[in-house]
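Please keep the sequence and the model side by side while reading, since the paragraphs below move from the interior outwards to individual pairs of side chains.

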Amino acid sequence: MVEKQLLHTEILDDSTLWNSLKEGNENAFSILFKRHYSHLVRYGNSFLPFPEKVQDCVQDVFTDLWIYRNKLSDKVVVKAYLLACVRKRITRSQERDRIFRLSSSIDTVEFLFDFSIEHELISDETTASKVSHLNHLINDLPSRQKEALYLRYTQELTVDQIADTLDINYQSANNLLHRALLSLRKDWKGNIWCILLLFSFSF
């Protein structure tokens with residue numbers, strides 16, 4: 001049954017594909033790769049200004065998935081798991097190549113993603129100006145807070161999943177989001193819907 005379903009990739013959720021991958025199904029592996037590759041590369045590019053190296057790291061993550069498929073956990077949120085794997089792989093790459101200072105902690109990885117919105121998407125100049133200001137406020141947030149917002153609103157992860165991705169506990173992840181939104185609300189005088197609009201178009 002699953003073999004037939006794999007012919008219709010859009011109807012399969014990640015969990016079904018994950019279980020098929022664990023059983024050695026190459027088609028399931030290929031579908032997961034195609035489904036997640038681009039956003040994993042985009043996330044990786046937020047840490048490392050070397051696109052080819054980021055692509056290598058993402059490909060290494062998938063290679064390990066296949067090699068060690070028998071040891072994979074049954075219960076994972078695939079998207080969050082892959083994001084965490086890419087983050088850790090890039091950290092190890094930075095340490096090994098000494099591009100950045102040597103460290104054994106992923107806490108030192110700086111999130112470089114810049115939130116942006118194309119002005120042509122907004123016809124009203126006043127709204128465009130407000131969004132530009134909001135965009136500036138978001139990009140001035142501390143790296144970890146900005147990353148937490150990215151994971152929550154562009155990758156649509158839950159707080160639990162954000163905690164797993166960042167390798168921190170639930171309360172710490174929740175605090176990052178709370179402090180980020182509190183800071184934005186303090187400095188931003190417009191409506192909160194504009195924040196959601198910005199995130200909707202930021203990738």
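What follows is a walk through a predicted model, taking up its nonpolar core, two helix contacts and several salt bridges in turn.

A convenient place to begin is the largest nonpolar core, which has 48 residues, and within which Tyr-43, Val-58, Leu-151 and Leu-184 touch the most other members. At least two residues of this core are supplied by each of helix 2, helix 3, helix 4, helix 5, helix 6 (125-139), helix 7, helix 8 and helix 9. The largest share belongs to helix 3, from which eight residues of this core come.

Two packed helices can be described by the angle between their axes and by the distance between those axes. For helix 3 (residues 26-45) and helix 7 (residues 143-154), the axes come within 12 Å and cross at roughly 170°, which means that helix 3 is roughly antiparallel to helix 7. The residues that meet here are His-39, Arg-42 and Tyr-43 on the side of helix 3, and Glu-147, Tyr-150 and Leu-151 on the side of helix 7. Sorted by class, the residues of this contact between helix 3 and helix 7 comprise three nonpolar, one polar and two charged. Two of the names in this contact, Tyr-43 and Leu-151, have already appeared among the residues that touch the most other members of the largest nonpolar core.

A second contact joins helix 8 (residues 159-166) to helix 9 (residues 170-187), whose axes come within 8 Å and cross at roughly 105°. Since angles of 65 to 115 degrees count as roughly perpendicular, helix 8 and helix 9 are therefore described as roughly perpendicular to each other. From helix 8, Val-159, Asp-160, Ile-162, Ala-163 and Leu-166 take part, and they meet Tyr-170, Ala-173, Asn-174, Leu-176 and Leu-177 of helix 9. By class, this contact of helix 8 with helix 9 has eight nonpolar, one polar and one charged residues.

How many of the eight residues of helix 8 are buried? Six of them are, so helix 8 is largely enclosed by the rest of the structure; the buried residues are Val-159, Gln-161, Ile-162, Ala-163, Thr-165 and Leu-166. After helix 8 comes Asp-167, which has a positive phi, near 60°.

Side chains of opposite charge can pair when their charged atoms come close, and the structure holds four salt bridges. One of them is formed by Asp-14 and Arg-35, with the closest N and O atoms 2.9 Å apart; this pair links distant parts of the chain, Asp-14 lying in helix 2 (residues 14-22) and Arg-35 in helix 3, 21 residues apart. Asp-14 counts as buried because its relative accessibility is 18%, whereas Arg-35, at 29% relative accessibility, counts as partly exposed.

Another salt bridge is formed by Lys-22 with Asp-74, where the closest N and O atoms are 3.3 Å apart. Here Lys-22 belongs to helix 2 and Asp-74 to the loop between helix 4 (51-67) and helix 5 (78-97), and the two are 52 residues apart. Lys-22 is buried, with a relative accessible area of 15%, while Asp-74 is exposed, with a relative accessible area of 54%.

The salt bridge between the side chains of Arg-87 and Glu-147 has an N to O distance of 2.7 Å. Arg-87 lies in helix 5 and Glu-147 in helix 7, so the pair ties together parts that are 60 residues apart in sequence. Both Arg-87 and Glu-147 are buried, and Glu-147 is also one of the residues through which helix 7 meets helix 3.

Key:
Residues are numbered from 1 along each chain as its sequence is written. This is a predicted model: local features need pLDDT of at least 70, side-chain atom pairs count only at pLDDT 80 or more; totals for chains, interfaces and linings use all residues. Side-chain values use heavy atoms; hydrogens and water are left out. Axes are lines fitted to C-alpha atoms, for helices over the stretch in contact, and angles run from 0 to 180 degrees between N-to-C directions. Helices (H or I, at least four residues) and strands (E, at least two) are DSSP runs, numbered from the N terminus. Angles under 35 degrees count as roughly parallel, over 145 as roughly antiparallel, 65 to 115 as roughly perpendicular and the rest as oblique. Contact means heavy atoms within 4.5 Å. Ala, Val, Leu, Ile, Met, Phe, Trp, Tyr, Cys and Pro count as nonpolar, Asp, Glu, Lys and Arg as charged, and the others, Gly among them, as polar. Buried means under 20% relative accessible area, exposed over 50%, partly exposed in between (1.4 Å probe, protein chains only). A nonpolar core is a set of buried Ala, Val, Leu, Ile, Met, Phe, Trp, Tyr and Cys residues joined through side-chain atoms within 4.5 Å.
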